[in-house]
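Subject: Structure handover

Hello,

Here is the structure I said I would pass on. My notes on what was found in it follow below.

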Amino acid sequence: MFKERSHDFRIVGRGTKSEFHFEFTNLYEEDVHVSAVRTSCGCTTPTVTKDTVKTYEKSAVVATFNTSTFIGQKSATLTVVFDRPTYAEVQLKVSGFIRTDITFDPPEVSFGEMGSGESGEREVIITHTGNSNWEIVDVRSHCSNLKARLSPVQRTPGMVRYRMVVKMDDQMAEGEIRERLTLISNDRSFPTTEMAISGTIQPTVSVFPASVSLGTTSRDGKAEKKLVVRGKEPFKVADVLCADKRFEFEVPVGSKKVHIVKMRYIGDGTDNSISQEVRIVTDLEGDKSASCVVTGTVK
């Protein structure tokens, strides 16, 4: 169920925010329940975004590296305990090095909540102590929609300070932002240092619920559900796409911010399981769309 089971925070500054989301998806018909998550080291605190996960829903174990209270090379094993539908354990591993001579103010670059198509800038102060000759020679972004710019360096005895502006362009994809910058310095012992970038790009169009369960139906059974589609501005529903021919949709007319799409399932005599994405396409610029997943069992 897990995309990844290990993560290296690499080298991070003292007090900087360092989190990693171990995402997982419920691939089963039954609900999956996380009963506990324990850690082998206090350097990492684990939490779960959602402990009960329905079919094809997603959740994540969030590993928070405690950079304010620990220093040096640290590692931890996170044990995720599932008690439904059956007992199971999954081990996740994290590691990283917390250095004390570099700090960031604020501790991460946070863009907060922004709308789709918006751009923004955030400023951060980078301070290095202990070596007046320390220098940042490059800043590398792992996302093409993020750029960083450094102001001229300020040097005082035993301290080096930079003012950095991080700019996000208007093409950033919708959803959560979990990116990072890599600072490259002339320090041969620790040439790189990581910094986190976070935020959320609110979708132009969304559909609720994002996961629909039809439960158990017969081969010739029928079921009906309603999907609520919301937009930030009035829109028309241009089309509803679904590869499963057992589904039909009642498409609303007119332009408004909220639409109700009626979805009907009509069995065709086969016992093929129900597992399908439904995508609702609008007339907004770029054919903006929103999707949900429909699941069920045929007996």
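Two strands count as paired if DSSP finds at least two bridges between them. One such bridge has Glu248 as one partner and Arg264 in β23 as the other. Please keep in mind throughout that this is a predicted model.

The open sheet

β22 and strand β23 (residues 256-266) run antiparallel and are joined by four bridges. Both belong to an open sheet of four strands, ordered β18-β20-β23-β22, with antiparallel pairing. Which strands stand at the edges of this sheet? They are β18 and β22 (247-250); each has a single partner strand, so one side of each is left without a neighbour in the sheet. On average, neighbouring strands of the sheet are turned by 25° against each other, direction ignored.

Strand β17 and its partners

Strand β17 covers residues 192-202, and eight of its 11 residues are buried, so that the strand is mostly covered. β17 pairs with strand β16 (residues 175-185) in the antiparallel sense, over 10 bridges. Within this pairing, Gly199 of β17 stands opposite Ile177. The two strands form a hairpin, with six residues between β16 and β17.

β17 also pairs with strand β10 (residues 109-115). Here the strands run parallel and five bridges join them. Glu113, for example, has Thr200 in β17 as its bridge partner.

The largest pocket

How much space lies in the largest pocket? The value is about 1000 Å³. The lining has 31 residues, and the closest to the centre of the pocket are Glu23, Lys58, Gly175, Glu176 and Ala210. Two or more lining residues come from each of β2 (18-25), β6 (58-65), β16, β17, β18 (205-208) and β25 (289-298). β25 gives the most, with five residues. The paired strands β16 and β17 and the edge strand β18 are thus also among the elements listed for this lining. By class, the lining divides into 11 nonpolar, 11 polar and nine charged residues.

The second largest pocket

The second largest pocket holds about 720 Å³ of space. It is lined by 28 residues, of which Glu19, Phe20, His21, Arg178 and Glu179 are the closest to its centre. β1 (6-13), β2, β16 and β17 each supply at least two residues of this lining. Which element supplies the largest share? It is β17, with seven residues. The lining has eight nonpolar, seven polar and 13 charged residues. β2, β16 and β17 appear in the lists for both the largest pocket and the second largest pocket.

One residue on its own: Thr79

Thr79 lies in strand β7 (residues 72-84). Is this residue buried or exposed? Its relative accessible area is 7%, and buried means under 20%, so Thr79 is buried. Leaving aside residues up to four places away in sequence, Thr79 touches Ala36, Val37 and Arg38, and also Glu89, Val90 and Gln91.

Regards

Notes
Residues are numbered from 1 along each chain as its sequence is written. This is a predicted model: local features need pLDDT of at least 70, side-chain atom pairs count only at pLDDT 80 or more; totals for chains, interfaces and linings use all residues. Side-chain values use heavy atoms; hydrogens and water are left out. Buried means under 20% relative accessible area, exposed over 50%, partly exposed in between (1.4 Å probe, protein chains only). Contact means heavy atoms within 4.5 Å. On a 1 Å grid over the protein atoms alone, a cavity is a set of points where a 1.4 Å probe fits but cannot get out, and a pocket is an open set with protein on both sides within 12 Å along at least five of seven lines; lining residues have an atom within 4 Å of a point. Grid points are joined across faces, edges and corners, and a volume is the space filled by probe spheres set on the points. Ala, Val, Leu, Ile, Met, Phe, Trp, Tyr, Cys and Pro count as nonpolar, Asp, Glu, Lys and Arg as charged, and the others, Gly among them, as polar. Axes are lines fitted to C-alpha atoms, for helices over the stretch in contact, and angles run from 0 to 180 degrees between N-to-C directions.
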